[in-house]
Amino acid sequence: MSGATEPHGGNIAGDSERNTPIPSRTGTPVGASGSRPPSRTHRYLAKVEKKFDKTIEKFKLKLGLKEKGTERHGASEASTTAASTGKSTTAPTGKTWAVVAGALKMTLSGAVLFIPDPFKGPAEALLKIIDVFEQTKSNNEEMEELKARCDLLNESMANAIKGKDERLLSAELKESIGRLVKGIHDTFQATVVEYSTGIAAYVMVEDNTEIVKEANQKMDQILQCFWIENLIAGALVLSDIRKAVKDQEGWMVKLCATTDNHFKSASLRQLKHVPGAAYDSQELAKVNPCFQGTRVKLLAGIGRWMSNTALEEQGSSKPIYVLDGIAGIGKSTVAKTVAQHAAAINCLGGTFFFSRDHADRQQAAAFVHTIAYQLACCDASYGKAIATAIDGHPESLHKIMAQQFSVLVAKPLSDMLKQRATPLVFVFDALDDLYLQITQCQGLSYH
């Protein structure tokens, strides 16, 4: 369990979480609601748009790209495929995609006004690329999946700013939306060919299935980072995310699942766990989580660390996040908030809140037993692996803590945790000297 540490929290007491209103802008983006341009300008823009369309067709012919049928034909073929396979499809086609693209462009146009300057350029370029997406008539399955992810992208941004005055959005949320937009723009760049003909022209490489497949995978990763970061920070509501992904597959469904994965075994009863060490125990009822809208910067940073740790290579990742500071500045409050939010999205592996006021939480004697027990309860496959480890090495229950951790947690779960689609976090409060002991253990990839 060795890895680099990332110290934080030294200035928590001074974290005021202020929001600075953005001055009003007089300019109106093309296509946005507002005052209409003068008739001469309007005619000029119409000519530019017509020239843009002709340029796209010209380069399509140069590349030998053939249209694969009308939007209506594409939608009909998708329906026929779904009927023959018995598998429903949620990918937007035909007129549905036009609605999705229109909604995404509208959301992006609004986001350009408030996201930080470094991300404005990619946002404006992404609007042009979406125009090209709108004109594609591919029946490629991967292409349809990419369009479906555009719907998720729009839902993600719309839910983040829904019902809020953009002037009051936190700087952290604006930065997060900016990173999301830039990440999607960079991903989409791989799916288009760009030409310079006086105006920007893009042509889809829709026939290259591998490129589009890679774009889908990258979009999943980018959306995962955005959602986890903002769900941990409290900037997104889980119910909205569940609604957005209810018909989608992959890690998104796992993130929002609410299934009961408890596993019962006689072997697990040998674990002398401490119920009061869990974040949601009665003993910790007096520890309140952060109030809504507070500690946003800190929580968003923890959420971003969680998602990035899961995506980075093991050699370069920082699997341990250390929140330090003097007593009484709210570290336990932050720890409980992170545990609550992580549990809500199935990313919590275990918690242990040490305490000087409770004998069973003063020492680390039952620490490994408690973590192993909580892991067994959070996932049935983990429970079976831990029970098998106990049956095979019952003596490990009474060994020193490092050996307990290696036999009961690290070795049986190492491969399973590497295969997780979502990150798994452990929250330890008032760790102190125990931290140094745990970091000497090897084998886990997610912490």
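**Salt bridges in helices H5 and H6**

In this predicted model, Glu144 and Lys147 form a salt bridge whose closest N and O atoms are 3.8 Å apart.

**Exercise 1.** Find where Glu144 and Lys147 lie in helix H5, and decide whether each is buried or exposed.

*Solution.*
- Step 1. Helix H5 covers residues 141–161, and the two residues are three apart in it, so about one helical turn separates them.
- Step 2. The cut-off for buried is under 20% relative accessible area.
- Step 3. Glu144 has 11% and is therefore buried. Lys147 has 3%, so Lys147 is buried too.

**Exercise 2.** Describe the salt bridge between Glu145 and Arg149, and state which network these residues belong to.

*Solution.*
- Step 1. The N to O distance between the two side chains is 3.1 Å.
- Step 2. Both residues sit in helix H5, four residues apart, which is about one turn of the helix.
- Step 3. Glu145 has a relative accessible area of 29% and is partly exposed, whereas Arg149, at 10%, is buried.
- Step 4. A network of salt bridges links Glu145, Arg149 and Asp220.

**Exercise 3.** Work out how Lys182 and Asp186 are placed in helix H6, and classify their accessibility.

*Solution.*
- Step 1. Lys182 forms a salt bridge with Asp186, with 2.8 Å between the closest N and O atoms.
- Step 2. In helix H6 (residues 171–189) they are four residues apart, so about one helical turn lies between them.
- Step 3. Lys182 has 33% relative accessibility and is partly exposed; Asp186, at 38%, is partly exposed as well.

**Exercise 4.** State how many salt bridges the structure holds.

*Solution.* The count is seven.

How values were computed
Residues are numbered from 1 along each chain as its sequence is written. This is a predicted model: local features need pLDDT of at least 70, side-chain atom pairs count only at pLDDT 80 or more; totals for chains, interfaces and linings use all residues. Side-chain values use heavy atoms; hydrogens and water are left out. A salt bridge is a side-chain nitrogen of Lys or Arg within 4 Å of a carboxyl oxygen of Asp or Glu. Buried means under 20% relative accessible area, exposed over 50%, partly exposed in between (1.4 Å probe, protein chains only).
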